[in-house]
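Please open the model in your viewer and keep the sequence panel beside it, since this tour moves from one selection to the next and says at each stop what is there.

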Amino acid sequence: MFLGNVDIAVVNVAIPSIRDRLHASGGELELIVSGYTLAYAMLLITGARLGEIRGRRRTYLFGLAVFTLSSLACGLAPDSTTLVGARVVQGLGAALMVSQVLTGIQVNFEGAARRRALGTYTGVLGVSSVVGQALGGVLVSADILGMGWRPIFLINVPIGIALFVTSYTFLPADESQGHRKLDLRGVGLLSLALFLLVTPLVLGQDEGWPLWTWVCLIASVPVFALFAGVERGIARRGGDPLMNVSLLARKQIALALLSQAATRAGYFALLFVLAIYLQQGLGKSAVYAGLIPIAWVATFALVGPVLGRTGPRIRKLAAPVGGLLMAVAFAGVAAGGQGTGWLIVLLGIGGVGYGAAFSGTLARLTDSVEARYAPDVSGLFNTTLQVGGTMGVAVFGTVYLGLVEHSGDPRDAFSTTNAVLALVSIAASALIALAGKAEAAKAVNKAT
C-alpha cells in the first residue's frame, strides 16, 4: 500500500528535472504522471478478482515483481517514451498488489483484529502521503551521483526485493480457484468505461476541456450501463462475473461509496488548489507549499489506528462526524483562516475529519458485507478512491482557476472554492448517515 500510494504523487515534484534531462514534451510529461494513475485505476477491480481466482498471495507477489522491475525500468529509462511505457506497467503492477491488501484483511481477520488491521491500513495511507509529499523533493534536490530524478524510482528496487522475500516467507498461502475463469468480457467493458471516465478527468484541465473530453465522459455512461447488464446476466446464469454489481443495489453500500468519493474529492481538491494558491497566489516557495499540507495528512494517519481501538458507538459516529469536521476546516479557510498558523490548525482538523470519515466508512463496508464479497469491496473501494480523487482535482481545480481568471483575485477564488468544498463535505456526512440508517433498517427487517 505504501509503495503504490507514494508513487502516485512522488513524480510531480520531479517533472522539471525529467523535462530538462530527457527533453520531454508537455504531452509526454502529462503521460508520465497520468499513465500510472490511469493504469492503476483501471485494474483495481480486475486485480481483486484475479486474486480470488489465482490466489491472493500469488497475485500479490506477481504484482510486486512487476512493480519492482518496472520501477527499475523507469529509473534507467533512456528517453521519455520508455519512461511513459514503464510508468504504465508500474501502475498495472501497483494495482495487482494493492488490490489484495484490503481483501486479505477482510478474509483473514475478524472483530477487534480486523479493526486494528484496518486502522493500520489507514495509517499507512496517511504516512505514505506525508512521505510522497516530501520524498520526491528530497531525492531530486540531493542529485545522488548526478542522477537527478532517477532515484525516485530506483529506491523502489531494494525495497521491492526485501518486500518480496518477506512476503514470500510470511504471507499465508491461499488456494486458487482454478475452476473459475476470469470474465474477460467484463474486464474489457470495465476497462473501457474507466478509461473513458478517468482519461478526460486527468488530462482535461491542462488541455482546456476540448470536445473529446466531453465525448469521453458522456460515452462512459452507456459503457458502464452495458457492463452492469452483462455482469447481471452472467450472475443470473450461474457464471462468475468480474464484479457482483448486485452489491451496488444495497442502499448502504451505494451511499457509503458515494460518501467516500465526495470526501476523497474534497481532500485531493484541497491539495491541488492549495499548492497553486500558495505559490502562484501568495508567492510562497515550493518547500512551504509542500510542508503546509503535512498538517492534514499527518493527523489523517493518526486517526485510523486510534479509531480501531474504540467502542462500537464511536466507530458508528466516526464517518458522519468526520465529514462535518472536514466542513468546519473548509469553512474556516473560506472565512479567512489563511495565515500559516490558522492553516496548520484548520488543516489538522480537516485531517482528523477525513481520517474519521475514511476509517469509519471502510469499517462499515467490511463489516456489513459477507467475506465472499471481499474482492468486490476491495475493488470498488479502491476504485472509488482513485476516481473520486481525480474528479476532485478536475472539477475544483477548474473552478478555482476559472474564478481566478474571472475575478483576478486568488484570495477570493480560494475562499469561494473552500466554501463549496465545505458544502460537499456536509453532503458526504449526510450520505454516510443515511447509509447507517439503511443498514440499521435492514438489520431490523432481518431480525423481524
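A residue counts as buried when its relative accessible area is under 20%, as exposed when that area is over 50%, and as partly exposed in between. With that scale in hand, select Thr 398, whose relative accessibility is 29%, so that it counts as partly exposed. Bear in mind throughout that the model on your screen is a predicted one.

**First stop: Thr 398 and Trp 209**

Thr 398 is found in helix H16, which you can colour by selecting residues 374-407. Now add Trp 209 to the selection and draw a distance between the two C-alpha atoms: Thr 398 and Trp 209 are 189 residues apart along the chain, and their C-alpha atoms are separated by 9.5 Å. Trp 209 itself has its place in the loop between H9 and H10. If your viewer reports backbone angles, look at phi of Trp 209, which is near 50°, a positive value in a residue other than glycine.

**Second stop: the helices on either side of that loop**

Select residues 184-207 for helix H9 and residues 211-236 for helix H10, and turn the view until both axes can be followed; these axes come within 8 Å and cross at roughly 160°. Angles over 145 degrees count as roughly antiparallel, and H9 and H10 are therefore roughly antiparallel to each other. The crossing of H9 and H10 is left-handed. Colouring the contact of H9 with H10 by residue class will show 20 nonpolar, five polar and three charged residues.

While H9 is still selected, pick out Val 187, which lies in this helix and, with a relative accessible area of 16%, is buried. A distance drawn from the C-alpha atom of Val 187 to that of Met 243, 56 residues apart along the chain, comes to 9.4 Å.

**Third stop: H5 against H16**

Return to H16 and add helix H5, residues 80-108; the axes of H5 and H16 come within 8 Å and cross at roughly 135°. That angle makes H5 oblique to H16, and the crossing in which H5 passes H16 is right-handed.

**Fourth stop: a cavity**

How many cavities of 30 Å³ or more does the count come to? The count comes to four, and the one to visit here is the second largest, which has a volume of about 60 Å³. To display its lining, select Met 1, Asn 5, Tyr 40, Tyr 121, Leu 125, Arg 264, Asn 382, Leu 385 and Gln 386. Two elements, helix H6 (111-142) and helix H16 (374-407), give two or more residues to this lining, and H16 provides the largest share of it, with three residues. Coloured by class, the lining of the second largest cavity has five nonpolar, three polar and one charged residues.

**Fifth stop: Gly 146 and Leu 347**

Follow the chain beyond H6 to Gly 146, which is found in the loop between H6 and helix H7 (151-154). Is Gly 146 buried or partly exposed? Its relative accessible area is 42%, and Gly 146 is partly exposed. Between the C-alpha atoms of Gly 146 and Val 101, which are 45 residues apart along the chain, your viewer should give a separation of 36 Å.

For the last selection, go to Leu 347, found in helix H15, residues 340-368. Leu 347 has a relative accessibility of 2% and counts as buried. Add Gly 132 and draw one more distance: Leu 347 and Gly 132 are 215 residues apart along the chain, while their C-alpha atoms are separated by 18 Å.

Technical notes: Residues numbered from 1 in each chain as written. Predicted model: local features only at pLDDT ≥ 70, side-chain atom pairs only at ≥ 80, totals over all residues. Heavy atoms only, no water. 1 Å grid on protein atoms, 1.4 Å probe; cavity = no way out; pocket = protein on both sides within 12 Å on 5 of 7 lines; lining within 4 Å. Points joined across faces, edges and corners; volume = space filled by probe spheres on them. Helix = DSSP H or I, 4+ residues; strand = E, 2+ residues; numbered from the N terminus. Nonpolar A, V, L, I, M, F, W, Y, C, P; charged D, E, K, R; others polar. Axes fitted to C-alpha atoms, helices over the stretch in contact; angles between N-to-C directions. Parallel < 35°, antiparallel > 145°, perpendicular 65-115°, else oblique. Left-handed = near helix turned anticlockwise from the far one by under 90°. Buried < 20%, exposed > 50% of the residue type's maximum accessible area, 1.4 Å probe, protein only.
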